[in-house]
Amino acid sequence: MATKEELRAGAEFGFIDDGVEAQERYQPMLLTNQGGDTVLDHLYDELQTTQGFTFAVAFVTEGGLIDIKSTLNDLANRGIRGRLITSNYLDFNQPKVFKELLKLPNVDVRIINENGFHTKAYSFNHGDYTSVIIGSANLTQTALKKNFEWNLRVTSTDQGDITKQIQERLDDLWDQSVPLTEKWIADYSEHYQERKPEFRIDRSFVDNSAEITPNKMQEPALEALADLRQRGARKGLVVSATGTGKTYLAAFDVKQFNPDRMLFVVHREQILKKSIESFKKILGGSDSDYGLLSGTQKNYDAKYLFATVNMVSRPDIMEKLGSDRFDYILIDEAHRVGHNQDSDRETMYQRFMNYFKPEFMLGMTATPERTDGVNVYEYFDYNVAYEISLLDALDSELLAPFHYIGVTDFEKDGEIIDDTTELRRLVSDERVNYLLEKTNYYGYSGPKLHGLIFVSRIDEGETLVKALATRGFAARFISGKNSVEERERAVADLEDGTLSYIVTVDVFNEGVDIPKVNQIVMMRPTVSSIIFLQQLGRGLRKIDGKEYVTIIDFIGNYSNNYMIPMAFDKSRSSNKERIRKNIISPAVTGVSTINFEQVARQQILRAVGDAKLDSAARFKDAYNTLKQKIGNKIPMLVDFVRMGSVAIEDVVDKYKNLLAYQLKFETLDAVPNFDSQKVKLLSYLSKEIAVSKRILEIDILGWLIEFGQISDTEIKLRFDDAQYFYDVETLDSVERILNMSYFMKGTAEKYGDLPLIDRTNGVWQLTDEFKKVLSDNTFKMYVSDAITAGRLNLLQNFDPSVRFQIGQKYLRTDVIKMLDWDKEQTGQNVGGYMKRPDDKFLPAFITLDKTDNYVNLVAYEDGFINRDTMVWFSKNQRTLKSPTEKLISESNEFGFIQMFVKKSGVVAADGKDFYYLGSAKVLSAEQETKRDAKDKETTLIKFEIRLEHPVNQSLYRALTE
């Protein structure tokens, strides 16, 4: 259909009759930052295909500008230019943002000096049509991602009157405006300072209330600590990301414990003084209740004693205090408990922890995982009361927003920095200049630079500091060779602005608080997701005047680049298709953003393609790390769900069942010696229960083990109460799964072919054979583990109130089961699509990028026309008279066709699961003749289909880019 005809249909759909078929890209659309899509998503989408653009916005902030800087950089590389009109209205725009606008090489900027200028318009030229977003959203980070904005997106040809009106008015504004120049900024800055307007940044995260109450992550942590003590624990550990209120959480717990005497221990006196101030705000009381035990003060008798570890671990001090002096001891920065002093066999922490006998001892740390072999968990009896991860803290908006930009590292003679690059190239003049070019372009929040640069080598860091100095940047190199005092001096100098940069080699991964850090530069390979997040976290503490943190990651040809997108994925999945989506279209909550420059994105995609994410080494490390974390006990599936670094889907996919995984890394006598029947049942429980995408089998089996029997009526009542999806066929489907009648002979034999349940006259109970197997308490433990793990895993990742969740991933086997097929189907039988025998459903599985060894003989050209319209080809040797294809072609209502899509291609060639896009209906069906791989003619049907729900912008980019 020609563009004009599509635009006509889109206008009719939007303004006259929503029953008219129209492509989503041509429909009028309301953009509100609600329902998964953001205004920023649509700006990205428009900029990807624009041939030129004009923005007219009253207000611009640095945070809004950095949202699109990497995209503008890619456009500049393609020779695409744009215009931006803004104003000095109300003096909202700070002088610094005008300086940032001047850095954009492909954007011409003008200023309109018109009182009351409040325009928010974004116009994009797409060649044969123009799209415009007009409404309430200024170019600020909150307006683009968070605020409840109302913006209308409309499209028109150049001949359309609305486009003419908008274009003419934009041209008028451009003609009325003056070019942005350094002189204009200097004049504006002078007057701006004279008027001293309010410093306008997003202060939503600044707590100015008089009364401090637990935040939404501290509340469950306090409940968990109380529960831990109620269960008799005398020690506990709270893992809390830097900036999440760790000290206040400790004070709240002291308040709820209400000790007669408390001891607070940390390694530096400076921290003690800050902690006393925080505790006073929570606990109240007189000044005499609080005492300091350090090199400068010794207040032994205080009710709340705050001590440095080197003082409180001295034998004479401990004897003076007495072992029963405190009923509550709190150790801050608890990851230091294994740090040796000189060559002592017993650390200072160990010495006082072994001496004092409190009712309860709490450890607090942001970084329990160690690279030095110290098992922090062991010191606190493996009682992890609660964990507030950096990702959870970001979700809860407890930390400052960040804007991560992955940029391409320096390239010379066609080669990019890699793991083996020589020092002379790491700190060459060209690379340093390139570094400063990128850091200047992406900038930082606030009036002054406070930056951290992480490098990979000591000599690199030392040389870089000298190179920065010659370019006017005050910088200091800090490594493990520097004393604590030298590090603290450097931090103080960075905070007060004496230094612009601290350059370091992993020294500041942990235990350092630099709230003013507003730019972090990573000039080393990402060797660990943990270290990456630790270094990222150095800049995330909130402070008034810091709108966000800029993270600039120089991405070379490093083998572990794929760890960057994995670091932001809570699912811990090694699914390459999912990782690929997180690279092309990252999802992060709040106003934070993740962007990669185009070349950097391609480098990471190649790294993902080359990565061996199912390597035995990765699973061994995950197993041993988790084992250490839970007290050297043999990990179960539920442990991996709660605290593991690999997804249980990956465990099951590689090892078939948990026992096989355990046997890889344990001695034979450490794990159960189950007979073959039980081992096969474990494979069944792993595949059909632990990683099930439907919660119904999980819960029914759990209820039967707990209660012995349950009726259809009671099951439905429980389902209704939990708001689970089910229909009239569901219970029959679940019955077939649990009694093994659903599975083909080969699958049933692989699973042990032992029915777990019997359902007679609407009453469910366990079979006698399964009860006999469950009489082995050890095996029963594995069964319960699969049920508990499966339930937790599903509720963390899926919505059980719907049959399929749009945007989530499913295997073909999941889909066939969840569509209530009577019998299991092979992947070969299903192929690209398969009709249920009673014609109720037809799931379609589309692979967008076919590989050379694609199973079909015809290279189908399946793909998107836009977010709600697709072209989809039938299997070969089909005509419009073929039974299934005839049904498809006549499917003009939603419900019958269920669409599942994956990108595949080289990067995700091992991806087996598909994104669910929802239901679809057919707009047109045309019979075509093509030539197959053997150059023989074959007939097939070209369907144009309409999705019931347009694909989310983020997923659409991942599937189409």
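Which residue in S6 does Ala121 stand opposite? That is the opening puzzle for this predicted model.

**Exercise 1. Work out how S5, S6 and S7 are paired.**

Step 1. Start with the opening puzzle: the partner of Ala121 is Ile134 in S6.

Step 2. Now zoom out to the strands themselves. S5 covers residues 120-125 and S6 covers residues 130-135; the two run antiparallel and are joined by 5 bridges.

Step 3. Look at the turn. The hairpin of S5 and S6 has 4 residues between the strands, and Gly127 there takes a positive phi near 90 degrees.

Step 4. Carry on to the other partner of S6. Strand S7 (residues 151-156) pairs with S6 over 6 bridges, again in the antiparallel sense. Here you'll find Gly135 opposite Asn151 in S7.

**Exercise 2. Classify two ring pairs and decide whether their members are buried or exposed.**

Step 1. Get the total: 53 aromatic pairs turn up in the model.

Step 2. Take Phe743 and Tyr751. Their ring centres are 5.2 Å apart and their planes stand at 90 degrees; edge-to-face needs over 60, so this pair is edge-to-face.

Step 3. Check accessibility. Buried means under 20% relative accessible area, so Phe743 at 7% counts as buried, and so does Tyr751 at 4%.

Step 4. Repeat for Phe804 and Tyr810. With 5.2 Å centre to centre and 80 degrees between the planes, this pair is edge-to-face. Phe804 is buried at 7%, and Tyr810 is buried at 1%.

Step 5. Follow the ring pairs outward. Phe804 and Tyr810 belong to a cluster that ring pairs link together, along with Phe798, Phe845, Phe900, Phe914 and Tyr916.

**Exercise 3. Find two positive charges placed over aromatic rings.**

Step 1. Go to Trp174: the charged end of Arg83 sits over its ring, 4.9 Å from the centre.

Step 2. Then try Tyr444. Lys96 lies over the face of Tyr444, at 4.1 Å from the ring centre.

**Exercise 4. Describe the largest cavity and its lining.**

Step 1. Count first: there are 8 cavities of 30 Å³ or more.

Step 2. Pick out the largest cavity, which has a volume of about 140 Å³. It is lined by 16 residues, and those closest to its centre are Arg694, Pro800, Val802, Arg803 and Met818.

Step 3. Sort the lining by class. You get 9 nonpolar, 2 polar and 5 charged residues. Arg694 and Arg803 go with the charged group, while Pro800, Val802 and Met818 count as nonpolar.

How values were computed
Residues numbered from 1 in each chain as written. Predicted model: local features only at pLDDT ≥ 70, side-chain atom pairs only at ≥ 80, totals over all residues. Heavy atoms only, no water. 1 Å grid on protein atoms, 1.4 Å probe; cavity = no way out; pocket = protein on both sides within 12 Å on 5 of 7 lines; lining within 4 Å. Points joined across faces, edges and corners; volume = space filled by probe spheres on them. Pairing = 2+ DSSP bridges. Phe/Tyr/Trp six-rings, centres within 6.5 Å; stacked < 30°, edge-to-face > 60°. Buried < 20%, exposed > 50% of the residue type's maximum accessible area, 1.4 Å probe, protein only. Lys NZ or Arg CZ within 6 Å of the ring centre and 35° of its normal.
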